[in-house]
Amino acid sequence: MRHKTFFWFFLPTAAAMFLFIAMPIVSVLIQSVFTPHEAVLKEVETCTPLVGCTTETTIDQEATSALREAKPLGRFVGLDIYLDRGHLAVAEVAEIWRNSDSLGAFFDRLGNLPFYRAMGFTLTFTFLVTPLVILFGLMVALAVNAVHARLKGLVIFFSLLPFVITPLIGALVLFWMIDSRGIIGSAVQWLANDPGLSLKASSGMVWIALIVYGVWHAAPFAFVIFYAGLQTLPKDQVEAAQIDGATRWQQVRYVVVPHLMPLVTFVALIQLMDNFRVFEPIVGFNASAHATSLSWAIFNDLGGETRQLSSAAATSVMTIIGVAILLSPVLVRTWRDFKGKT
Amino acid sequence: MASRAQKMPTGLRILSSAFVTLWLIMAAFPFLWTFWGSFKVELDFFSIADWSYALTGERTKAAYGQPFTGAGYYGAWVQEEFLKNVINTFIVCFFVVLTSLTIGTLGGYALSRSSYRYTFWLLITALIFRAMPPITLVAGYMLPFFEWNLWGILPTTIIVLVAINQPFTLWMLHSFFQNIPKELDESAKVDGCTQFQAFRHVIIPVMWPGVITTGLFSFLLAYNDFAVTSMLLAEENRTMVPQIAAFLGTTYTEGNIMFAVAAVVSATVPLFILVMFFQRQIVGGLTAGAVKG
């Protein structure tokens, strides 16, 4: 295809991505170094007969709104927003570092700062859910592959439901069950024989619930892909392994898993990207008191009456940097493959 | 043919059947339970007194004289006018799917037919864009959209969702088009067609399976989105998902939580139907992406 033809074919989609993905990234970069104008103050002298004159400092509404109108971005503050308490909190971290006698205490107190709290949960979620999804998906795929062929369609039908469900709705459906008044919540209370027990009460339990949701939601994705991979498993390799006396476990370990390895890489890549943006379950589980994520922090800044655009923008930029770091091994590998090919 | 050596020992067979059954219960039970519970009153679905009330519907009987009630649905659909949100959702989904397939098909086709180096870089850029959490982009939209008075209306949300959808659509359609032999459109070009005519008369008739599969995923993305729709739509233009979130925020008072439960069940029904009719395409789409990687 010639360059010119390619250009016209590709133009609409390129324009959409440029305007609504590339430009917003520039936009958050710019917004993150500006902060809203402070109110313009003015001194008003009020003179009343007999009492005399007093000067008062009040907000000049007109001038303030005029200034905000003229420069909607606000005033330039450089990296201040990145370094403030809501984000990297450099001063606070240094202070904690000086005053903590052990590393454990340091991380404990670091977890009270909003950005590090969000970062901590996001990373824990990403790096626990991703391997669990792969493991669980593989187990379901192997088990389904072993059941009767006629049941497979049914199993796949029900398995797809947690995957296609709207994340917020899926989270709510699970949350209503584990609520202390819901069916699983009551069951846990009955099992533990403790009517006061609530899954929502402790941070650890909430984290586990969110991770269970993450695995429940994404395992079908891994399952479907691994199951398709199992269908292309070369029979002769399995038979050769059997003749060599491999046990069932050894067959899985040395024949099946290596065959599925490219698919595992694919699932891991997609899952890393998707789990890093976790936030609907936090809204659905109403869990922000116990767990926050980077995406949730942006959402929280943007919502509500006071839209803190600068703060959201700074968190966004750092999230994008996080994504870049997460993706860099994949990109480097793809680049090497590409170099090797040409 | 499974040889005797490949036949599973009974123990393992039972174990794997049990595991599949357990998984089926995990996957399906939450939906069945919520569906069942949506016809109860709150004190039954969230029973403090006795969990078996959720099955027998004690309180529902006391309140309505029968163990099932449509009160939650009445509250959501009539009192809170959920229908408006449903219509908005379908408007958004329809236009997102239509637009993103139109421009994505052109772009994906071009990527699959060009052998220059920049196609690789465009695909990598698309992959990076795919990795961006949508909410970080939303932070970038807010200020410009407020300034230009574009905030809060459906067309803005539609075009934003189309753009967020593009990287995925491009990857998927690119791999579908690569499976269509190049000789098809090249022979058309030899016969004197322009590239666009070749696309129009030769490729379009054979591309529908791939396009339908990609369309399903575009639909799911638009339907399931929460980050973009909740931030970019004004209250009167809300789609279903942000409306459900709003139910939770404002109506955690007694009784009204059942509105949210009913709304959740209502919003699940289209997805259920979708999986029922397009199961094969969804599975095919997932695996096609994986094989191409």
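Two helices of chain B, H5 (71-79) and H6 (82-113), each supply at least two residues of a nonpolar surface patch. The model is predicted. The patch covers about 850 Å². Its members are Tyr74(B), Trp77(B), Val78(B), Leu83(B), Ile87(B), Ile91(B), Phe94(B), Phe95(B) and Leu98(B). H6(B) gives the largest share, with six residues. One of the patch residues, Ile87(B), is found in helix H6 of chain B. The relative accessibility of Ile87(B) is 44%, so the residue counts as partly exposed. That value lies between the 20% and 50% limits that bound the partly exposed class. It also passes the patch criterion of over 30% relative accessible area.

The loop between H5 and H6 of chain B holds Glu81(B). The backbone of Glu81(B) has a positive phi, near 50 degrees, in a residue other than glycine. Most residues other than glycine have a negative phi. Glu81(B) has a relative accessibility of 46% and therefore counts as partly exposed.

A positive phi also occurs in chain A. Ala89(A) is not a glycine, yet its phi is about 50 degrees. This residue, too, sits in a loop: Ala89(A) is placed between helix H3 (80-83) and helix H4 (90-99) of chain A. Its surroundings are described by a relative accessibility of 0%, so Ala89(A) counts as buried. The limit for that class is under 20% relative accessible area.

The interface between chain A and chain B was examined next. The contact takes 94 residues from chain A and 105 residues from chain B. The area buried between the two chains is about 9200 Å². Carbon and sulfur atoms give 80% of that area. Polar terms were counted separately. Across the interface of chain A and chain B, 12 residue pairs are in polar contact, with both residues at pLDDT 80 or more. The salt-bridge count between chain A and chain B is one. This salt bridge joins the side chains of Asp274(A) and Arg130(B), with an N to O distance of 3.3 Å. On the chain A side of the interface, helix H1 (residues 3-31) of chain A gives the most, with 17 residues touching chain B.

Helix H1 of chain A includes Pro12(A). Beyond its neighbours within four places in sequence, Pro12(A) is in contact with Ile103(B) and Leu106(B). Pro12(A) has a relative accessibility of 27% and so counts as partly exposed.

Past H1, the loop leading to strand S1 (34-35) of chain A contains Ser32(A). Ser32(A) has a relative accessible area of 0% and is therefore buried. The side chain of Ser32(A) reaches the backbone oxygen of Leu29(A) at 2.7 Å. Contacts of Ser32(A) were also listed without the neighbours within four places in sequence. They comprise Gly78(A), Ile81(A), Tyr82(A), Ser310(A), Ala313(A), Ala314(A) and Val317(A).

Definitions and conventions: Residues are numbered from 1 along each chain as its sequence is written. Chains are lettered from A and ligands numbered from 1 in the order in which they are written. This is a predicted model: local features need pLDDT of at least 70, side-chain atom pairs count only at pLDDT 80 or more; totals for chains, interfaces and linings use all residues. Side-chain values use heavy atoms; hydrogens and water are left out. Patches are made of residues with over 30% relative accessible area and no salt bridge: like charges are joined within 9 Å, nonpolar side chains (Val, Leu, Ile, Met, Phe, Trp, Tyr) within 5 Å. Accessible areas come from the Shrake-Rupley method with a 1.4 Å probe; for residues, only the protein chains shown count as cover. A salt bridge is a side-chain nitrogen of Lys or Arg within 4 Å of a carboxyl oxygen of Asp or Glu. Helices (H or I, at least four residues) and strands (E, at least two) are DSSP runs, numbered from the N terminus. Buried means under 20% relative accessible area, exposed over 50%, partly exposed in between (1.4 Å probe, protein chains only). Contact means heavy atoms within 4.5 Å. Buried area is the accessible area (1.4 Å probe) that two parts lose on being put together, summed over both. A polar contact is a pair of N or O atoms within 3.5 Å; within protein, one must be able to donate a hydrogen and the other to accept it, and residues adjacent in sequence count only if both atoms are side-chain atoms.
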